[in-house]
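Open the structure in your viewer and keep the sequence panel beside it. The tour goes from one selection to the next and says what is there.

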Amino acid sequence: MASAELQGKYQKLAQEYSKLRAQNQVLKKGVVDEQANSAALKEQLKMKDQSLRKLQQEMDSLTFRNLQLAKRVELLQDELALSEPRGKKNKKSGESSSQLSQEQKTVFDEDLQKKIEENERLHIQFFEADEQHKHVEAELRSRLATLETEAAQHQAVVDGLTRKYMETIEKLQNDKAKLEVKSQTLEKEAKECRLRTEECQLQLKNLHEDLSGRLEESLSIINEKVPFNDTKYSQYNALNVPLHNRRHQLKMRDIAGQALAFVQDLVTALLNFHTYTEQRIQIFPVDSAIDTISPLNQKFSQYLHENASYVRPLEEGMLHLFESITEDTVTVLETTVKLKTFSEHLTSYLCFLRKILPYQLKSLEEECESSLCTSALRARNLELSQDMKKMTAVFEKLQTYIALLALPSTEPDGLLRTNYSSVLTNVGAALHGFHDIMKDISKHYSQKATIEHELPTATQKLITTNDCILSSVVALTNGAGKIASFFSNNLDYFIASLSYGPKAASGFISPLSAECMLQYKKKAAAYMKSLRKVQQSLEKISKLEQEKEHWMLEAQLAKIKLEKENQRIADKLKNTSSGQLVGLARENAAMSNAAGQDEATAKAASEPIQSTSLCRALSKRLALAEKSKEALIEEMKLASQNISRLQDELTTTKRSYEDQLSMMSDHLCSMNETLSKQREEIDTLKMSSKGNSKKNKSR
């Protein structure tokens, strides 16, 4: 078991390691990709810097060229200024040269204008390139910072995973060392188990040989002595007396006593409820002392007056059921014959409820039609009508299920044994339903009584009767709740106790077989009582034999002492003279008698009686003992006849012994299987440890 747990733990660690390794690979790939992106961005930044430097150089060259052109323009302007006065003086002579200079000026102006435009265009391009360069540089720097941050985070994750990976490797190495130690321990245990297995196999072989011989002997005895196997057929096995379970019987009697108390409370509450309902009909809505009540209520009152003849038998039936459960019986559904009587009484009460239900509904309708009935009171009456219907329906369910439970004791095919538990469960559900309905009745009747007490025509007699009905309804509600809780708490015990029956069988076959079994149980109890009596008689005989031997020894000792005393007297008489013979003899006789009496009185507490009267009493006692011995011998003969019947029990004990031996062999087989499983686990652990060591080496 421990190796399996270690292997499972190792597999979990290996899975976690592989998962972390896969995550590490993904993170490494992400870091590499980000590093590649960062390198590419750095390369782009480098290229942009180079292009920027190139543009800067171009800008510098253009600026230098521009300065040169500006200087040249200034020189040309100076030359133009110097050439104007000369032109005036030499206007006439220099018309041709002025035309030439004018053409040159025009060329210079066009060239200057082109240079200026080109300079402006270059300035614009330089400004745009500079702005674009700054923008790209800012973007690249921010992106570079982001990538550096992400790279740092990824590097931290990678470092954490690396640390965790190293810790996992170290933990796995420690687990590997522990598993190796565990493997060595298991190998030692396996060796010890193999040795023990060999010893057990040797013992099993010896036992098998011994049992084979005993089995052959037992089979020969069974074939010669046993006419048939009564446990082979369920019909015969149901007649066998099961083992007496005194605890089960006491528990069932205690449960039956509690159920009887609950039923008595329910019966009292039902009697009060029907009786006070009858009284209410006589005073509301019409008081019979003042006016005549309706024919409907007269009939309803007549039926309610008969409630005791239907309700009290429920208590009587439950009492008979309780009295039938004793310590000496076997209480199962097949033997509880009195449950049928209780079911019949419940059926009778259900017929009573069905008979009064229409009158009760019509009586409530008559109250609703009265001028004193308000809308709120009418609503309560309608609710009570529905509640009374539900109450009758619940009693119908209870009667149905209890009648089903009574079938095994009367009709064996009426209810299958597999349905016992479902029927009991439904009985518990019906009792809880009865409790719920009684709570609704109590609630609605309390509201009804409150409304009626507020009526101006409400009399004290009506108020008192309503209070009595309400108290009886509350008592019914409490009783229903108690019996429902009681049945639910003992439901598991009821279901479990159904298997109580003959050995190696599913239960009693029929009520007749259960009755026969109970008769056999009584006979077996009487037989055991007779055996106990025989044992007591044998002990009494042995005790009387010991007393007889004791008193015979005492009589022999007294006889020897008497003979010695007579011999002494005779010797003494021979030594005396003839004249003194008679006087001395009388004197000695008197003295001997007195001495004998004194000695007998002195030694009565510590020694047996030494007179002839004692020997007569002993002889009489011995005669009586002989007679009692003869009577006891006759009883012993009868007991020996009864003892011959005990030979049948020998076969059962042999069977039990054979069952025990078979159980031992099964146990040894299971031990071999466990050993083989342990070997397989050790092999798998070795293979897994080798594979892990190879993986660690490869890593």
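Which residues lie nearest the centre of the largest cavity? Select Ala-259, Met-318, Leu-321, Leu-339 and Phe-487, and you have them. They belong to a lining of 34 residues. Keep in mind throughout that this is a predicted model.

**The largest cavity**

The space in the largest cavity comes to about 830 Å³. To see what surrounds this space, colour six helices. They are helix 4 (246–283), helix 6 (307–324), helix 7 (338–369), helix 8 (375–406), helix 9 (420–453) and helix 10 (460–489), and each supplies at least two residues of the lining. Which helix gives the most to the lining of the largest cavity? Helix 4 does, with 9 residues.

Now colour the lining by residue class. You should find 30 nonpolar residues and 4 polar ones, with no charged residues.

**The second largest cavity**

Move on to the second largest cavity, which holds about 190 Å³ of space. Select Thr-277, Arg-280, Gln-360, Leu-364 and Tyr-445: of the 17 residues that line this cavity, these are the closest to its centre. Helix 4, helix 7, helix 8, helix 9 and helix 10 each supply at least two residues of this lining.

How do the residues of this second lining divide by class? There are 11 nonpolar, 3 polar and 3 charged residues. The full count for the model is 9 cavities of 30 Å³ or more.

**Ser-385**

Next, select Ser-385 in helix 8. Is Ser-385 buried or exposed? The residue counts as buried because its relative accessibility is 11%, and the cut-off for buried is under 20%. Show the atoms around Ser-385 and look past its neighbours within four places in sequence: Leu-361 and Leu-364 are in contact with Ser-385. Leu-364 was also on the list for the second largest cavity, among the residues closest to its centre.

**Val-337**

Go to the loop between helix 6 and helix 7, where Val-337 is found. With a relative accessibility of 43%, Val-337 counts as partly exposed. Add Thr-410 to the selection and draw a distance between the two C-alpha atoms. Val-337 and Thr-410 are 73 residues apart in sequence, and their C-alpha atoms are 7.3 Å apart in space.

**Two stops on helix 1**

Select helix 1, which covers residues 2–89, and pick out Gln-77 within it. Gln-77 counts as partly exposed, at 48% relative accessibility. Its partner for this stop is Lys-105, 28 residues away in sequence, with 9.4 Å from C-alpha to C-alpha.

Glu-16 also lies in helix 1. Its relative accessibility is 38%, so Glu-16 counts as partly exposed. How far apart are Glu-16 and Thr-168 in sequence and in space? In sequence they are 152 residues apart, and in space 8.9 Å, C-alpha to C-alpha.

**The whole chain**

Zoom out and show the protein chain as a cartoon. It has 15 helices and 0 strands. Of its 699 residues, 29% are buried. Switch to a surface view: the chain exposes about 45100 Å², and carbon and sulfur atoms supply 55% of that area.

The pairs you drew link residues from separate parts of the sequence, and contacts across the chain can be counted too. Among contacts with a separation of 6 or more, 87% are between residues 24 or more positions apart.

**Confidence**

Finally, colour the chain by pLDDT. The average is 77, and 74% of the residues score at least 70. Select residues 577–611, where the pLDDT is below 50; this stretch has 16 contacts in the model beyond near neighbours in sequence. Then select residues 695–699, where pLDDT stays under 50 and the model has 3 contacts beyond four places in sequence.

Key. Residues are numbered from 1 along each chain as its sequence is written. This is a predicted model: local features need pLDDT of at least 70, side-chain atom pairs count only at pLDDT 80 or more; totals for chains, interfaces and linings use all residues. Side-chain values use heavy atoms; hydrogens and water are left out. On a 1 Å grid over the protein atoms alone, a cavity is a set of points where a 1.4 Å probe fits but cannot get out, and a pocket is an open set with protein on both sides within 12 Å along at least five of seven lines; lining residues have an atom within 4 Å of a point. Grid points are joined across faces, edges and corners, and a volume is the space filled by probe spheres set on the points. Helices (H or I, at least four residues) and strands (E, at least two) are DSSP runs, numbered from the N terminus. Ala, Val, Leu, Ile, Met, Phe, Trp, Tyr, Cys and Pro count as nonpolar, Asp, Glu, Lys and Arg as charged, and the others, Gly among them, as polar. pLDDT is the predictor's confidence in each residue, from 0 to 100. Contact means heavy atoms within 4.5 Å. Buried means under 20% relative accessible area, exposed over 50%, partly exposed in between (1.4 Å probe, protein chains only). Accessible areas come from the Shrake-Rupley method with a 1.4 Å probe; for residues, only the protein chains shown count as cover.
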